[in-house]
Amino acid sequence: MRYTESEFFSRLAFLLAVLIETGDVKTLAGNECRQSDFFPSTHWSVVLASGRGEAEPEVAQAALAELCQIYWAPLYSFVRSRGYTVHDAQDLTQSFFAYLIEHKIYARVDRQKGRFRAFLLASMKNFLAHEADRARTLKRGGGQNFLPLYEEQIENAESLFQTHSSTSSEDRVFDRSWAAALVTAGLERLAADYRGESKEKLFKELRAFLGGGAGPPPPYAELAVRLGMSESTLRTHVTRLRARYREALHAEVRRTVATEAQAQEELHVLLRVLTEN
């Protein structure tokens with residue numbers, strides 16, 4: 001999936017709209033999350049528990065690997081913004097993940113303060129600042145065994161960097177790339193849900209109502225005829241789609257924090273990043 005400036009901001013404009021539509025970012029949380037501030041089954045909580053010796057290392061590594069797949073592109077963009085070439089940025093990003101696992105850096109994060117996004121960025125800065133550790137990790141071949149890297153993934157990451165490389169600071173490049181990656185992850189999660197329900201065709205038709213397309217969505221009356229349903233039924237489908245997208249976005253954020261309060265804070269950060277010029 002290639003990123004263009006217009007597509008990126010179109011998606012973000014829709015995100016703002018659906019958040020405003022809820023009246024309060026907190027309504028993105030599910031009922032089960034409101035029962036308790038903690039949800040220990042999230043990926044990041046599992047990783048933190050492993051660092052304290054309270055979870056199996058293999059389970060934690062699998063959870064960390066899944067999180068890192070989404071954050072590979074934002075970290076790559078950050079490294080590229082420091083002047084490294086495409087090839088060197090790839091090697092350094094892969095090597096960073098190998099370093100992260102080998103030295104169990106995640107075990108040092110405080111559960112109450114650590115958010116996966118902030119943890120990764122601070123750890124990457126530290127990694128790049130220590131030439132000896134970086135060089136030693138690179139000689140071992142980086143993190144290829146830990147995190148598989150695909151050509152499409154590299155192309156998407158470079159496209160993200162090129163989209164946001166004019167941003168004023170390295171940290172801002174990371175934040176904007178993170179926002180784009182998160183929005184895309186939410187959309188992919190939603191698409192997978194519809195495929196699992198054998199509604200892939202319906203999702204493709206309704207996808208335009210989530211923004212980010214080449215043009216505006218078709219008129220309701222026109223699309224209703226094409227789908228063979230009433231206009232009122234179509235509007236119900238669109239409303240459900242947008243509600244499920246909000247849930248998918250919240251789920252993506254929730255995987256990277258240890259408490260619901262932190263999830264809400266991350267959503268507010270996401271909202272701030274999206275509204276920056």
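Helix α6 crosses helix α9 in a right-handed sense. On the α6 side the contact is made by Arg117, Leu121 and Lys125, and on the α9 side by Asp171, Phe174, Asp175 and Trp178. The axes of α6 (residues 116–129) and α9 lie 12 Å apart and form an angle of about 140°. The two helices are therefore oblique to each other. These values come from a predicted model.

Helix α9 (residues 170–196) also packs on helix α12 (residues 231–254), here at an angle of about 120° and with the axes 8 Å apart. That angle makes α9 oblique to α12, because it falls neither within 65 to 115 degrees, the range for roughly perpendicular, nor over 145, the range for roughly antiparallel. The crossing of α9 over α12 is right-handed. From α9, the residues taking part are Leu182, Val183, Ala185, Gly186, Leu187, Arg189, Leu190, Asp193 and Tyr194. Their partners in α12 are Leu241, Arg244, Tyr245, Ala248, Leu249, Ala251, Glu252 and Val253.

Helix α12 has a further packing partner in helix α11 (residues 220–227), with an angle of about 100° and axes 9 Å apart. An angle from 65 to 115 degrees counts as roughly perpendicular, and α11 and α12 are therefore roughly perpendicular to each other. In this pair Tyr220, Ala221, Leu223, Ala224 and Leu227 of α11 meet Glu231, Leu234, Arg235 and Val238 of α12.

The packing values for the three pairs are set out below.

| Helix pair | Angle | Axis distance |
|---|---|---|
| α6 and α9 | about 140° | 12 Å |
| α9 and α12 | about 120° | 8 Å |
| α11 and α12 | about 100° | 9 Å |

**The chain as a whole**

The chain contains 13 helices and 0 strands. Of its 277 residues, 52% count as buried. Where contacts join residues at least 6 apart in sequence, 73% of them link residues at least 24 apart. The exposed area of the chain is about 13,000 Å², and carbon and sulfur atoms supply 51% of that area.

**Serine 177 and histidine 164**

Serine 177 is a residue of helix α9. Its relative accessible area is 0%, so serine 177 is buried. The side chain of serine 177 forms a polar contact of 3.3 Å with the side chain of serine 77. With neighbours within four places in sequence left aside, serine 177 touches Pro74, Ser77, Leu160 and His164.

The last of these contacts, histidine 164, belongs to helix α8 (residues 151–164). Histidine 164 has 1% relative accessibility and therefore counts as buried, the cut-off being under 20%. Its C-alpha atom is 10.0 Å from that of alanine 180, a residue 16 places away along the chain.

**Threonine 93**

Threonine 93 sits in helix α5 (residues 86–102). Its relative accessibility is 0%, so threonine 93 counts as buried. The side chain of threonine 93 reaches the backbone oxygen of alanine 89 at 2.7 Å. Outside the neighbours within four places in sequence, the contacts of threonine 93 are Trp72, Leu75, Tyr76, Val79 and Met124. For tryptophan 72, which is 21 residues from threonine 93 along the chain, the C-alpha separation is 7.2 Å.

**Two loop residues**

Is arginine 255 buried or exposed? With a relative accessibility of 9%, arginine 255 counts as buried, because the value is under 20%. Arginine 255 is placed in the loop between α12 and α13 (260–275). The C-alpha atoms of arginine 255 and leucine 67 are 7.8 Å apart, although 188 residues separate the two along the chain.

Serine 198 lies in the loop between α9 and α10 (200–206). Its relative accessibility is 70%, and serine 198 therefore counts as exposed, the cut-off being over 50%. The phi angle of serine 198 is near 60°, a positive value in a residue other than glycine.

Conventions:
Residues are numbered from 1 along each chain as its sequence is written. This is a predicted model: local features need pLDDT of at least 70, side-chain atom pairs count only at pLDDT 80 or more; totals for chains, interfaces and linings use all residues. Side-chain values use heavy atoms; hydrogens and water are left out. Helices (H or I, at least four residues) and strands (E, at least two) are DSSP runs, numbered from the N terminus. Buried means under 20% relative accessible area, exposed over 50%, partly exposed in between (1.4 Å probe, protein chains only). Contact means heavy atoms within 4.5 Å. Accessible areas come from the Shrake-Rupley method with a 1.4 Å probe; for residues, only the protein chains shown count as cover. A polar contact is a pair of N or O atoms within 3.5 Å; within protein, one must be able to donate a hydrogen and the other to accept it, and residues adjacent in sequence count only if both atoms are side-chain atoms. Axes are lines fitted to C-alpha atoms, for helices over the stretch in contact, and angles run from 0 to 180 degrees between N-to-C directions. Angles under 35 degrees count as roughly parallel, over 145 as roughly antiparallel, 65 to 115 as roughly perpendicular and the rest as oblique. A crossing is left-handed if the near helix is turned anticlockwise from the far one by less than a right angle, and right-handed if clockwise.
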